[in-house]
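Dear colleague,

I am passing on the structure below for you to look through at your convenience. My notes come after it, and I would be glad if you read them with the coordinates open.

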Amino acid sequence: MSWAAGAALVTGAWMLISAEGPLAVPQVAADDGIRALDPAVQEERIARGPRVDYESRVIVAFHDSVDDRQAEQSIRDAGGARGSRSAFGRRYVVEPMSGIDALGLTRRLLAMPEVDYAEPDGVVRAHFLPNDSLFNLQWHLKTIGAERMWDIQRGDPSVAVAVLDTGIAYEDFGPYRKAPDFGGTVFLPGFNAFTRDSHANDDNFHGTHVASIIAEATHNGTGASGIAHLTALMPVKVLDKDGFGSNSVIAEGIDYVVNFRQNGVNPVKVINMSLGGSTRSQAVQSAIDRAVAAGITVVASAGNDNVSPVDFPAAFGNVIAVGSIDLRKVKAPYSSFGADLDLMAPGGDNRRDDNADGRPDGVLQQTFDPDLAERGRYDAFGYYFVTGTSQAAPQVAALAALLARQGIKDPRAIQAIMERTAEDLGAAGRDDRFGWGLIRPAEALKGLGLNK
Amino acid sequence: MKRAFSLAFAALLLSSGLAEAGTFAVSFDAGLRAMSNSPETEKAIFGEKRGTGAGLGVSYDRNSRWRFAVDFRRVSREGQRAFAIDRNSEAFQLGHPLKFNLTEGVASASFLIGQIGPISPYLTLGVGRASWKEESNIAGLIEKSDGSATLFEARLGIERQQGPIRLGIEGGLTMIPNSVGVGGISKVYEETDIGGLFVVMKIGFAKR
């Protein structure tokens, strides 16, 4: 499949819509010898908190003219019980005498003219770092600051993302197999908009890769990591085994998502559509309007033809249109653009290796061998670098799910906070090539304080 | 702020030296304090949680009509970080704890209206300085912000004196213009004043 295969084909009243995402498939081993820590041990240590009461101490530095004897005397005069001198300068860590807290000791030290600065010591901790063996090859996660994001929010199965695509390798059914690194991933009942049954199995590769970007099982010692990896997924098959579909099928898929209920509520808060075509459809627009009115954020890929405007459904006003950058934060050469483009995420470029890791700079996730899939084998799972706006959109969809879990219920607010916290790329402010810029998940998840 | 209160104290002491029948008092107060001058900001960050504050002050009754005082008080509130698209939009709380502390120092003059039975009503106007700090905890990372601004205050109170003890209740409005609104949710709502209505109970100890 070439990038040009993303173009829409119009036949009478039917518009064929293709999956977006050029394919390059240098496969890497699922386990390349990296040993993993036991996740349970690591999590228990984090939950236990620090053994030392770091916050009761004070850091104080003296001016260069102050010798050690004077410094120690000043510490005692201020109410410090014990001071430990840094090996690299006249900086001390001081424990206060009983009856004085760290803040009080800091104030006393700050009042002394010989003190350069004084501050209460603070606790820091290791960021959540998944132990998945391929995490280090997932440069897109580092580009969006995923480690800090995961400290704040990793999702929850009470919030789901519907993946409208070629299906997902989410169950063992007939010739289809569940992908191995979906072990801990929660799936809601799926929908096949072609057969109108619940088996939304992937017979292409594309949907499984897209779904893995959102919620591949993470911190399980193997494979790759997903962005919103505790979020549930709903597989909805609207593209056929060649990666094509039509507006009527897409509208059907969206309506299924909107009408879905589990225990009286609809857990789906986000729809991801890594697909597009050039024709505006009233059926799709109406279905999207119903979804947004129901509180569902709709995300779609801009298109892979490097043209303006972006494809539909991304071009609809209430859909978040996502373009693609490469590892250098430069617009990917295939990424479509225009007035409807909203945000950027790393979709990569398999023809480049800017981090010189010997691997193409695509987005690495699990899926199955597309060549074997063409011959009816859907169990040849591996990890594939794939590039395209198809790979960028699910990163934004995953962030939307995390924001919904964090407490933002309105799709307009979810879009607004992502746009306002984006890293501005290209011309200052919003522009047609980068939209509002590259998503910064940790910044978005922080929200706003009273005055900051 | 220090200079303002030094001057206020000096005036207080000077007038005490000149007056023959003056009364000194020390008072403590506690009560509810709203950020009602920025109602949307208050609702977004603090939800339905009320703000509580406590303070202490010294006062000097120059005669039966005029009282001069200096008061200090601290208001502590706990809320959450939030997000809203614009001033007409719903705010969503994001679960990250936010602590807000407001410290106020006020120099004031009260007009003692007269005696109604055992009750003495009075009207107070004050000016002072407010300093505030907010501190958010975002998954273990602390974000801080602070500032200070001039405050203006109007209060209406009643008190009853029995021997040296004064018991009273005061309600009023504090205005702290241009104290916030440069960022955060207050900027979204275009609200700039963290003052508001308050009601406090007071107890004082007077010595002639």
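The notes below go through chain A and then chain B.

Please keep in mind throughout that this is a predicted model, and that the values below are computed from it.

I would begin with helix α10 of chain A, which runs over residues 389-406 and, with its 18 residues, reaches 26 Å from its first C-alpha to its last, close to the 26 Å expected at 1.5 Å a residue. Of these 18 residues, 17 are buried, so α10(A) is largely enclosed by the rest of the structure. Just after the helix comes A:Gly407, which takes a positive phi of about 130°.

A:Gln153 is worth viewing together with that region; this residue sits in the loop that joins α5 (146-152) to β7 (160-165) of chain A. With a relative accessible area of 11%, A:Gln153 is buried, and its side chain makes a polar contact of 3.0 Å with the side chain of A:Gln406. Leaving aside residues up to four places away in sequence, A:Gln153 touches A:Leu402, A:Arg405, A:Gln406 and A:Leu445.

Some backbone features of chain A also deserve a check by eye. The loop between β13 (297-301) and β14 (320-325) holds A:Pro309, and the peptide bond leading to this proline from A:Ser308 is cis, with omega near 5°. A:Pro313 is found in the loop between β13 and β14 as well, and the bond from A:Phe312 to A:Pro313 is likewise cis, with omega near 10°. Elsewhere, in the loop between β8 (191-192) and α6 (206-215) of chain A, lies A:Phe205, a residue other than glycine whose phi is nevertheless positive, near 135°; at 3% relative accessibility, A:Phe205 counts as buried.

In chain B, B:Glu190 has a positive phi of about 55° although it is not a glycine, and its place is the loop between α3 (184-188) and β8 of that chain. B:Glu190 counts as exposed, at 54% relative accessibility.

The last item is a nonpolar patch on the surface, formed by B:Val26, B:Phe28, B:Leu56, B:Ile165, B:Leu167, B:Ile203 and B:Phe205, which together have about 570 Å² of accessible area. Two or more residues of the patch come from each of β1 (23-33), β7 (165-175) and β8 (197-207) of chain B. One of the patch residues, B:Ile203, lies in strand β8 of chain B and is partly exposed, with a relative accessible area of 31%.

With best regards

Note on methods. Residues numbered from 1 in each chain as written. Chains lettered and ligands numbered in written order. Predicted model: local features only at pLDDT ≥ 70, side-chain atom pairs only at ≥ 80, totals over all residues. Heavy atoms only, no water. Patch = residues over 30% accessible without salt bridge, like charges linked within 9 Å, V, L, I, M, F, W, Y side chains within 5 Å. Areas by Shrake-Rupley, 256 points an atom, 1.4 Å probe, with all protein chains shown as cover. Salt bridge = Lys/Arg side-chain N within 4 Å of Asp/Glu carboxyl O. Helix = DSSP H or I, 4+ residues; strand = E, 2+ residues; numbered from the N terminus. Buried < 20%, exposed > 50% of the residue type's maximum accessible area, 1.4 Å probe, protein only. Expected span 1.5 Å × (residues − 1). Polar contact = N/O pair within 3.5 Å; in protein donor to acceptor, adjacent residues only side chain to side chain. Contact = heavy atoms within 4.5 Å.
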